[in-house]
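Colleague: Please take a close look at one strand and what surrounds it. I would like the pairing, the rings and the charged contacts in one account.

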Amino acid sequence: MSQPTVSEFLQATAVTPQGDHSFTAELDAGWKVAGAVNGGYLLGVAGQALRAVHPSTPDPLVISTFYLGPSREGPVDIITRTLREGRSTASYGIELSQHGAPTISAMATMGNLGELPDDVGTTATPPQLPPPEECVGVAEASEDFKKAAPLIQRFDMRLDPATAGFAVGRPSGCGVLQGWIRFIDGTDPDPLSLLTFLDSFPPVMFDLGRFNWAPTMELTAHVRALPAPGWISARLSTRNIAGGMFEEDCELWDSAGRLVAQSRQLARQPRG
């Protein structure tokens, strides 16, 4: 894919400074799911604001976000608070509000992934996937599904056929989804887009036959490395449903076979 002159993601997450630690942004309706703006997209917006506060630490290393209420398309106010600025990392609090009410509150530590050591020791393994051309394109979803989740049209997303049975009424019941993702306009991934990818796949509960909206309560994301150009592979899983809540774990791997981002979120269990 050729790179766009200005990426859709960069435009949609742009922030406008209002002071040293305050910004505004315009949340784009094209990044909604079930009537609300997607939580991963909101992390991209928050990341743009934190980059602007301290340009020498442009990359999110860890961000823990509480979702206090649904965000809607339109203006949003962003306030950041410096907790600590060191030589290689900086930590902040950040809050997004609409109409005077906070919708997300987060703490983040920013750094420079390009300056980190390149040694890796891991027992993690990437998902075993068919090539993208042999996977199920989410673009083939019904018009009703696309209308309910315009977010999916921002991506070229391909699901492993072994975990895509929910699309034809045959979920596996294993609580696993995996597949490939990249931006539909050809933009290569960067650390902020990884934050968005972590929360852009269909909910893992679909594989358990529960298809309703599952609002996130809290999400913690770790970005581990600068991603190589090309496809990102993803594996999402859940192991425990209790008290009307479930966890969703996600791993993202780049085209060089490196684990580049991880997340865990706690969400309310969908009914039905």
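Modeller: What follows starts at strand S10 and works outwards.

This is a predicted model: local features need pLDDT of at least 70, side-chain atom pairs count only at pLDDT 80 or more, and totals for chains, interfaces and linings use all residues. Residues are numbered from 1 along each chain as its sequence is written, and side-chain values use heavy atoms, with hydrogens and water left out.

Start with the strand itself. S10 covers residues 155-159. Strands here are DSSP runs of E with at least two residues, helices are runs of H or I with at least four, and both are numbered from the N terminus. S10 is mostly covered, with five of its five residues buried. Buried means under 20% relative accessible area, exposed means over 50%, and partly exposed lies in between (1.4 Å probe, protein chains only). In a regular strand the side chains alternate between the two faces of the sheet. In S10, Phe155, Met157 and Leu159 point one way. Asp156 and Arg158 point the other way.

Next, the neighbours in the sheet. Two strands count as paired if DSSP finds at least two bridges between them. S10 pairs with S11 in the antiparallel sense over five bridges. Within that pairing, Arg158 has Trp180 of S11 as its bridge partner. Strand S9 (residues 136-137) also runs antiparallel to S10, joined by two bridges. There, Val136 is partnered with Leu159.

Arg158 also takes part in a charged contact. It forms a salt bridge with Asp156, and the closest N and O atoms are 2.7 Å apart. A salt bridge needs a side-chain nitrogen of Lys or Arg within 4 Å of a carboxyl oxygen of Asp or Glu. Asp156 has a relative accessibility of 10%, so it counts as buried.

Now the ring at the start of the strand. Phe155 and Phe183 form a stacked aromatic pair, 5.9 Å centre to centre with 25° between the planes. Phe155 lies in S10 and Phe183 in S11 (residues 176-183), so the pair ties together parts that are 28 residues apart in sequence. Both rings are covered: Phe155 is buried at 4% relative accessibility, and Phe183 is buried at 3%. The rule behind this is simple. Rings of Phe, Tyr and Trp (its six-membered ring) pair if their centres lie within 6.5 Å; planes under 30 degrees apart count as stacked, over 60 as edge-to-face and the rest as tilted. By this rule there are nine aromatic pairs.

Phe155 and Phe183 belong to a wider cluster. Ring pairs link them with Phe9, Trp31, Tyr41 and Phe197. Within the cluster, the rings of Trp31 and Tyr41 are stacked, because their centres are 5.1 Å apart and their planes lie at 15°. Trp31 sits in the loop between strand S2 (22-27) and strand S3 (32-33), while Tyr41 is in helix H2, so this pair ties together parts 10 residues apart in sequence. Trp31 is buried at 0% relative accessible area. Tyr41 is buried too, at 0% relative accessibility.

Just before S10 comes another link. Arg154 forms a salt bridge with Glu8, with the closest N and O atoms 2.9 Å apart. Glu8 lies in helix H1 (residues 8-12) and Arg154 in the loop between helix H3 (143-148) and S10, so the bridge ties together parts that are 146 residues apart in sequence. Arg154 is buried, with a relative accessible area of 15%. Glu8 is partly exposed, at 26%. The whole structure holds eight salt bridges.

Finally, the loop that leaves the strand. Ser172 lies in the loop between S10 and S11. Ser172 is partly exposed, at 40% relative accessibility. Its side chain makes a polar contact of 2.7 Å with the side chain of Asp207. A polar contact is a pair of N or O atoms within 3.5 Å; within protein, one must be able to donate a hydrogen and the other to accept it, and residues adjacent in sequence count only if both atoms are side-chain atoms. Ser172 and Asp207 are 35 residues apart in sequence, yet 5.8 Å apart in space, C-alpha to C-alpha. A polar atom of the Ser172 side chain also lies 3.1 Å from the backbone nitrogen of Cys174.
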